[in-house]
Amino acid sequence: MVDNVKLGQVASVNYGYTESASSEAIGPKFLRITDIQEGNVDWTAVPYCEINQRDFDKHKLEASDIVFARTGATTGKSFLVREPPASVPASYLIRLRITDEKLMPEYVALFFQTSTYWESIKQGSSGSAQGGFNASKLKEIEIPLHPLEEQKRIVAVLDQAFAALDRARANAEANLADADELTTQLLESELGAAELGELEPVGPHIDLLTGFAFKSRGYTDKESDIRLIRGDNIVQGDFRWDGVKRWPASDRATYAKYELQKDDVLVAMDRTWVSAGIKFAIVDEEALPSLLVQRVARLRPKAGLLPRFLGFWIGSPLFERYVLDIQTGLGVPHVSGGQLNAFEIRLPSTDTQKKIVERLNQKLSAVEKLKQSYRKQIADLESLRRSLLAEAFSGRLV
C-alpha cells in the first residue's frame, strides 16, 4: 500500500515575482506562462526584468524547480526546470521546490501529467472567474509516495516510453500535415487551371444575403422551435450545433426572407478565418429548417453555378488568402458583403463544374480517410500515455 503525501509537506511553494518584462538585458531572465510551450522553454526568447539582489535570491530558479501556471486558460500547466540561466518566474507562475530527499522532482513532474492531477486542478479551479489555482490549493494536492528506488524506476521507464511515443506522434503529425498540404494542392490544381476561364467576381452569379439581427431576449431552447444559424454555429465546412439558439416557430413566417434552403453556402463574416481554416458551411437537409442571423452571409448560387462548385471555392486556400488580405477590424476581423461579392472565381460550363466536383469529392474523400487514420493514431498515442501514467502512480507499472 502506497501512502499519499501533500505537496506542502515535501516542497516549498512560492509565488513568482511581480515586475514588467523588458527586451533589454537589465537583469535576470523573466519566465512567463507564455514562454512555456509544448513542455519546453526557449530561454533565448525569454525577456528580462529589473530586480534587486534580495528579491532575486528569494525568487531565483534553480535546476529541478517546477513552475506551475496558476491562472488563465493554462492553469495547471507545469514545467520542470533543468539548467536555467539566471532567472526568476513571473507573478502568474508558482515555483515548487522539492525539499524532501525521499521525493524526486522528475517523479513529481510526471505526476503533474496524470488524470488524477488534472482532476484536482479542475475541482480546485471551479467557481473561480479566472479559473485560478493558488499556492494554498497546490500545497493540498496529494501525491503517491513510492519508495525512492521505485520512483527512479518509474521515471526511467516512463522517460523511455514517452520518448518513443513522442517520436511516433511526431511522425503521425507530419503525415497529417502532408495530408493537409495534399488537400491544398488538389483544390488549387482543380480550381486554378487557366483553361477553366478568366477570373471574374462571384457577385453576379450569387444571391447574397446577410442575416437578421434577432434579439437575444427572444431566443428559446425548445426543440420544436426553429434554429438560428450564427457565426458560432459554423466551422470548417460544417455546422456545430452545441449551444444553438432557436426562435419561436410561431413567428417563422415573419422571417421567411431569412429562411435557408438546401445547398445555400454560408460564410461567417466575423472571424471568417481562424487557425483551423475558413468558417463556412453548405446547408443540407439536417440543417433545415433554420434562419440566418446577422454577421453570417448566405451565398445562394444562380443558374450556371453549382452549389458544390461554389463550396469548393469558398473552402479553398484561394479564398483563404483572399480573406486574409482583405479582412478588417482590430478587435474582431471581419469581411463585408461587398468584399464577398468581389471574390473572383473561374466559372466553366456546368458540365465541367460537375466533373470537377466529382473528382474532388473522390480524391478529397480518400485524403480525409488518411487524415482520420492519422488523427486516430495521435489520439491512441495520447491514450497510451495516460494509461502508462495511471499504471505508474498506482503501482502497476511493469
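**Close-up 1. The crossing of helix H6 and helix H8 in the predicted model.** In this predicted model, the axis of helix H6, which spans residues 148–191, comes within 9 Å of the axis of helix H8, which spans residues 317–326, and the two axes cross at roughly 95°. Because angles of 65 to 115 degrees count as roughly perpendicular, H6 is described as roughly perpendicular to H8. On the H6 side of the contact stand Thr184, Leu187, Glu188 and Leu191, and these residues meet Pro317, Leu318 and Arg321 of H8. Sorted by class, the residues at this contact of H6 with H8 comprise 4 nonpolar, 1 polar and 2 charged.

**Close-up 2. The largest pocket and its lining.** The space that lies in the largest pocket amounts to about 1400 Å³. The lining of this pocket is made up of 35 residues, of which Glu38, Gly39, Gln113, Asp166 and Arg385 are the closest to the pocket centre. Two or more lining residues are given by each of strand S5 (40–41), strand S7 (78–80), helix H3 (105–111), H6 and helix H10 (350–393), and H6 gives the most, with 9 residues. By class, the lining of the largest pocket divides into 18 nonpolar, 5 polar and 12 charged residues.

**Close-up 3. The second largest pocket and its lining.** About 1100 Å³ of space lies in the second largest pocket, whose lining is made up of 31 residues, with Thr183, Gln236, Gly237, Phe280 and Gly315 as the closest to the pocket centre. The elements that give two or more residues to this lining are H6, strand S17 (277–278), strand S18 (280–282), helix H7 (307–314), H8 and H10. H10 provides the largest share of the lining of the second largest pocket, namely 9 residues. When the lining residues of the second largest pocket are divided by class, 11 are nonpolar, 11 are polar and 9 are charged.

**Close-up 4. The open sheet with the order S12-S20-S15-S18.** This open sheet has 4 strands, which follow the order S12-S20-S15-S18 with antiparallel pairing. Strand S12 (206–210) and S18 are the edge strands, each of them pairing on one side only, and from one strand to the next the twist of the sheet averages 20°. S12 and strand S20, the latter covering residues 296–301, run antiparallel and are joined by 5 bridges. Within this part of the view, threonine 210 stands opposite alanine 297 of S20. The edge strand S18 also appears among the elements that give two or more residues to the lining of the second largest pocket.

**Close-up 5. The open sheet with the order S2-S9-S6-S7.** In this open sheet, 4 strands are arranged in the order S2-S9-S6-S7, and their pairing is antiparallel. The edge positions are held by strand S2 (11–15) and by S7, each of which pairs on one side only, while the twist from one strand to the next averages 20°. Strand S6, residues 66–69, pairs with strand S9, residues 93–98, in the antiparallel sense over 4 bridges. The bridge partner of phenylalanine 68 is isoleucine 94, which lies in S9. The edge strand S7 is also one of the elements that give two or more residues to the lining of the largest pocket.

Terms used. Residues numbered from 1 in each chain as written. Predicted model: local features only at pLDDT ≥ 70, side-chain atom pairs only at ≥ 80, totals over all residues. Heavy atoms only, no water. Axes fitted to C-alpha atoms, helices over the stretch in contact; angles between N-to-C directions. Parallel < 35°, antiparallel > 145°, perpendicular 65-115°, else oblique. Contact = heavy atoms within 4.5 Å. Nonpolar A, V, L, I, M, F, W, Y, C, P; charged D, E, K, R; others polar. 1 Å grid on protein atoms, 1.4 Å probe; cavity = no way out; pocket = protein on both sides within 12 Å on 5 of 7 lines; lining within 4 Å. Points joined across faces, edges and corners; volume = space filled by probe spheres on them. Pairing = 2+ DSSP bridges.
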